[in-house]
Amino acid sequence: MPPVEEGRRILTICNACRYCEGFCAVFPAIESRPQFSGADLDYLANLCHNCGECYYACQYAPPHAFAVNVPQVLAQVRLDSYRRYARPRWFARFYRNSGELAIATAALAFVAGLALSPVGGTTFYDIVPHSVMVGIFGVAALLILAALLVSTAGQFAGIPKLNRPALARAARSMLTLKYLGSGGAGCTYPGEHHSMARRWFHHFTFYGFLLCFASTCVAAWNHFALKRIAPYPYLSLPVVLGILGGAGLLAGPAGLYLLKRQRASALADTRQDALDLTFLALLFATSLTGLLLLLLRQSVWMRPLLLIHLATVLALFATLPYGKFVHGIYRAAALLRYAIEKK
C-alpha cells in the first residue's frame, strides 16, 4: 500500500483510539481532522519528530492485525514530501543518491583546486583568492537559497494567517526541541527506554551549525567593513565562534550516528538512511577539516587542508536543498502551522 494510503488508514484508527493524544503535537492535530488529504498527511508527517513513544504505547502496533506504526509510516510520507516539493523537479532524484552528489562535487572541487591553486602560498588567499571564494560560494548560496525557497513554498502555502503569539510558540518548540523531551524524560530512541541523548545531540548539531554561520558572518564583516584580513588570532570573535561551532558539529553528528546505529528497526524508514548518513558525514567532515586547518594553518599541510575543507563545504552546499537539511525547514513550517491551529 502506498505510504499516503497507509497513513490515512493508520491515522483513522488513531483518531478513534486517542490514547496517545498527550504525547506530542501530531495527535491533537489529527483529532481536528475527520479526513486526511494529501496535504494534511504531508503536514502531519513533518510535524512528527519520530520519537517512537506512540509506537511503544500502542495496543494496535504489530503483531496486532491493525499493524499501527505511526513513526515509520509518517517517515515514509515525509520522504515522499521531500521529493514532491523539490525544485527543479528533476533534482528530486538526488534524494535517492545525495551521497553520490556530495562525493562528485567534493572530488571535482578538490581536483580543480589542486590544478589551479599555486604551491607555496603562506596564507589562505595565496592559495585561493578571496574574490574566487566569494564568487564560488556566493553563487552557490544564491542558487541553494532559490531552490529552498521555491521547494518550501508548498509547505508554507497551507499555513493560516500568521500572528505574533503563534510565531513565539513555534519558535520555542523549534529552538528547544520540545517534542523530543517527553515532559523531561526524553524520547524513546534508539530503543523503548526514555533518553535525552537524541535531543542533546540535535542541539549540538543545530547550535553548532548556527555558531559556524555566525563565525562566517563576523569574518565577512571584518573583511569588508573593517578591512581586517584573515587569518585571525585564536582569541578573535570569528575564530572563537568557529571553534565552538566546530566542536558542536563534531559531537552532534557523531552522537546522532551512534544512536542511529542502535535504533529499533520498527521506527525506521530505511530509504532515508543514505540521506541521514550523508548529511551527518558532511557536517562532521566540514567541522573536522575546518578545525584541522585552524590548527595547522602555518604548516606545510595548510594548502591540502584548505582545498579539502573548501571542497567539503561545497559538497555540503550542493546537498542542502536535496538532502536531510530540508527536514528542518519543513518541520519548522509544520510547527508554525500547529501553533496557529492550536490557538
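Here is a short conversation about the predicted protein model shown above.

Biologist: How should I read this model?

Modeller: Residues are numbered from 1 along each chain as its sequence is written, and side-chain values use heavy atoms, with hydrogens and water left out. The model is predicted: local features need pLDDT of at least 70, side-chain atom pairs count only at pLDDT 80 or more, and totals for chains, interfaces and linings use all residues.

Biologist: How many helices and strands are there in the protein chain?

Modeller: Helices (H or I, at least four residues) and strands (E, at least two) are DSSP runs, numbered from the N terminus. Counted that way, the protein chain has zero strands, and its helices number 14.

Biologist: Which residue forms a salt bridge with aspartate 42?

Modeller: A salt bridge is a side-chain nitrogen of Lys or Arg within 4 Å of a carboxyl oxygen of Asp or Glu. Here the N to O distance is 2.6 Å, and the partner of aspartate 42 is arginine 84. Aspartate 42 sits in helix H3 (residues 38–47) and its partner in helix H5 (residues 70–85), so the pair ties together parts 42 residues apart in sequence. The residue you asked for is arginine 84.

Biologist: Is aspartate 42 buried or exposed?

Modeller: Buried means under 20% relative accessible area, exposed over 50%, and partly exposed in between (1.4 Å probe, protein chains only). Arginine 84 is partly exposed at 35%. Aspartate 42 has a relative accessible area of 4%, so aspartate 42 is buried.

Biologist: Which helix holds both glutamate 5 and arginine 8?

Modeller: These two form a salt bridge, with their closest N and O atoms 2.7 Å apart. They are three residues apart, about one turn of the helix, and both lie in helix H1 (residues 3–17).
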